[in-house]
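Subject: Structure for you to look at

Hello,

Please find the structure below. My notes on what was found in it follow.

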Amino acid sequence: MRSALHLLVRDALRAARLIPVPKSSPGVRPIAIGELFARVASVFALPTGSQPADIFSDGIQLGLGVKSGVERAVLTVQALLDKHIEENDIIAISTDIRNAFNTVHRHRIMSALADKPETRHLCSLFEWSHGGSSLLLVYGKDRGLSKVILSQEGVQQGHPLGTLCYDMAVHSDYAAVQTEFRHRHVRLVAIHDDLTIVGPA
């Protein structure tokens, strides 16, 4: 049985300062900056080298483990549009999920982590850092604590595991769409939650 001190320390290590960063579109991006010890442990546990690229080897997700992935995504979409420009039936659909990192279900993340040999070792760390509620601390202009929000679903954007876990949780959906419509020359290109679909209208 866990002691009260154990739970108190765990809550303190899992807490994160929530910083609202303005977006180019209306709204803010909630960035969570966690405690140093928890962040360092997560960074050392992350897959290194070519492993992230191996996880997304079908070429859809270019935001993680791919050198110059953003540039590659833009050039890929442009090349696909140019290839069919004379046919006049090609379209590009660009999506951006609102508050994406906080909308993905944690059980999907855990299943995705357990499904890949490169990330299986992250399951216990993810369970520790995202199992149950964690505290998001909002500070006012006077630097005093003004509000505490419970993080209960998704991953914290800003957490070292956040991007990988989000990308893995949604990747099966991306891959399923591309597989289903491959015969119609539909191609998906993603930078995390920014997904572009190119294909015949």
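Three residues make a good place to start: Leu5, Leu8 and Val9 form a nonpolar patch on the surface. Together they have about 300 Å² of accessible area. Leucine 5 lies in helix H1, which covers residues 4-14. Its relative accessibility is 58%, so leucine 5 counts as exposed, the cut-off for that being over 50%. Keep in mind throughout that this is a predicted model.

Next, the sheets. Strands of a sheet pair through backbone hydrogen bonds, either parallel or antiparallel.

One open sheet has four strands, in the order E2-E1-E4-E5, and its pairing is mixed. Its edge strands are E2 (28-34) and E5 (145-151), each of which pairs on one side only. Neighbouring strands in this sheet are turned against each other by 35° on average, with direction ignored.

The pairs can be followed across the sheet in order. Strand E1 (residues 16-22) runs antiparallel to E2, and seven bridges join the two. In that pair, arginine 17 stands opposite isoleucine 33 of E2. The hairpin of E1 and E2 has five residues between the strands, and glycine 27 there takes a positive phi near 110°. E1 also pairs with E4, in the parallel sense and over two bridges. Here arginine 17 appears again, with leucine 137 as its bridge partner in E4. Finally, strand E4 (residues 134-139) pairs with E5 in the antiparallel sense over six bridges. Tyrosine 139 has leucine 145 in E5 as its bridge partner.

Another open sheet has three strands, in the order E3-E7-E6, with antiparallel pairing. Which strands form its edges? They are E3 (90-96) and E6 (187-191), and each pairs on one side only. The average turn between neighbouring strands of this sheet is 15°, direction ignored. E3 and strand E7 (residues 194-200) run antiparallel and are joined by seven bridges. An example is alanine 92, whose bridge partner in E7 is valine 198.

Two helices pack on this three-strand sheet. Helix H4 (residues 69-83) touches E3, E6 and E7. The direction of H4 makes about 155° with that of E6. Helix H7 (residues 162-181) touches E6 and E7, and its direction makes about 160° with that of E6.

Helix H7 comes up once more, in a side-chain contact. How many salt bridges does the model have? The count comes to one. It is formed by the side chains of arginine 108 and aspartate 173, at 3.1 Å from N to O. Arginine 108 is in helix H5 (residues 106-115) and aspartate 173 is in helix H7. The two residues are 65 residues apart, and the pair links distant parts of the chain.

Are these two side chains buried, exposed or in between? Buried means under 20% relative accessible area and exposed means over 50%. Arginine 108 has 28% relative accessibility, so arginine 108 counts as partly exposed. Aspartate 173 has 39%, and therefore also counts as partly exposed.

When you open the model, try finding arginine 17 in E1, with isoleucine 33 opposite in E2 and leucine 137 as bridge partner in E4. After that, look for the salt bridge between arginine 108 and aspartate 173.

Regards

Key: Residues numbered from 1 in each chain as written. Predicted model: local features only at pLDDT ≥ 70, side-chain atom pairs only at ≥ 80, totals over all residues. Heavy atoms only, no water. Pairing = 2+ DSSP bridges. Axes fitted to C-alpha atoms, helices over the stretch in contact; angles between N-to-C directions. Contact = heavy atoms within 4.5 Å. Patch = residues over 30% accessible without salt bridge, like charges linked within 9 Å, V, L, I, M, F, W, Y side chains within 5 Å. Areas by Shrake-Rupley, 256 points an atom, 1.4 Å probe, with all protein chains shown as cover. Salt bridge = Lys/Arg side-chain N within 4 Å of Asp/Glu carboxyl O. Buried < 20%, exposed > 50% of the residue type's maximum accessible area, 1.4 Å probe, protein only.
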